[in-house]
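Work through the exercises below with the coordinates open. Each task is followed by a solution in steps.

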Amino acid sequence: MIKEQNILLYKFYCHEIDILNDIESCRELMALFLTTTTRDVLDILLHDFHSWQIQCSDIPQYSNFDVAILRVPQILVVKEDGVDFVQMGFMLDSATKKTGANMKYGENHAKTASLLALSSIVNSKVYPSLLAKEWNVLSDKQKKVVLPKLCLYCKLFQNYYALGANEEILIKLMSCLSESTLKRRKSNCIQIISKIDTAMTNEF
């Protein structure tokens, strides 16, 4: 039985969309992330857990994780009407690139942000999430506390911890990808898993 104060967290990890459309719920979530350990969050989300069907879109792909979790939400604060992937790519890296490269760079980092509930993507256009607005005002120290809990919003990592948390399981969960794509994205996944594991080890 989940305690009443943890129901909001449970609903968040079940991807109940209504929560992310309510600013008060997002504020309450952020307060809970700051006061609940990553291990306790994992216990909550695994309560009566049913594995997700993992799609390729559930697997993060990025060049720089900080760009996805910091720069994307910052840009969207002043672009509430949304930006397309090409615009996002240019704003993240203004170095001269071909349009296709800009689009891919913007798409990869925007989609990674969305896997952590820090952006919303509709019809190939990126919008700020209400949770991202709360995230943007946190201090660097607070973001370090909250980040592993946002990482666990990603369905891939929920399944990973539910099924035993080892490399064999990770590869199996990523089997929807081609072998070459799996190799590229695996390092991204391991980096995020490391952040979650480190949090659980260091929290007390």
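**Surface and charge**

The accessible surface of the chain is about 10700 Å², and carbon and sulfur atoms hold 50% of that area. The model is a predicted one.

**Exercise 1.** State what share of the 204 residues in the chain is buried, and count the charged side chains of each sign.

*Solution.* Take buried to mean under 20% relative accessible area. By this cut-off, 48% of the 204 residues are buried. For charge, there are 23 positive and 23 negative side chains. The centres of these two sets are 7 Å apart.

**Exercise 2.** Test the radius of gyration of the chain against that of a compact globule.

*Solution.* The rule is 2.2 Å times the number of residues to the power 0.38. For 204 residues this puts a compact globule near 17 Å. The chain has 17 Å, so the value agrees with the rule. The C-alpha trace spans about 50 × 40 × 30 Å along its principal axes. As for contacts between residues at least 6 apart in sequence, 69% of them join residues at least 24 apart.

**Exercise 3.** Work out the strand order of the sheet and identify its edge strands.

*Solution.* Start from the inventory: the chain has 12 helices and three strands. Strand 2 and strand 3 (residues 125-127) run antiparallel and are joined by three bridges. One of the pairs is valine 122 with lysine 125 of strand 3. The three strands give an open, antiparallel sheet in the order 1-3-2. Strand 1 (83-84) and strand 2 (120-122) are the edges, each pairing on one side only.

Methods. Residues numbered from 1 in each chain as written. Predicted model: local features only at pLDDT ≥ 70, side-chain atom pairs only at ≥ 80, totals over all residues. Heavy atoms only, no water. Pairing = 2+ DSSP bridges. Helix = DSSP H or I, 4+ residues; strand = E, 2+ residues; numbered from the N terminus. Buried < 20%, exposed > 50% of the residue type's maximum accessible area, 1.4 Å probe, protein only. Contact = heavy atoms within 4.5 Å. Areas by Shrake-Rupley, 256 points an atom, 1.4 Å probe, with all protein chains shown as cover. Lys, Arg positive; Asp, Glu negative; His and termini not counted. Charge placed at Lys NZ, Arg CZ, Asp CG, Glu CD.
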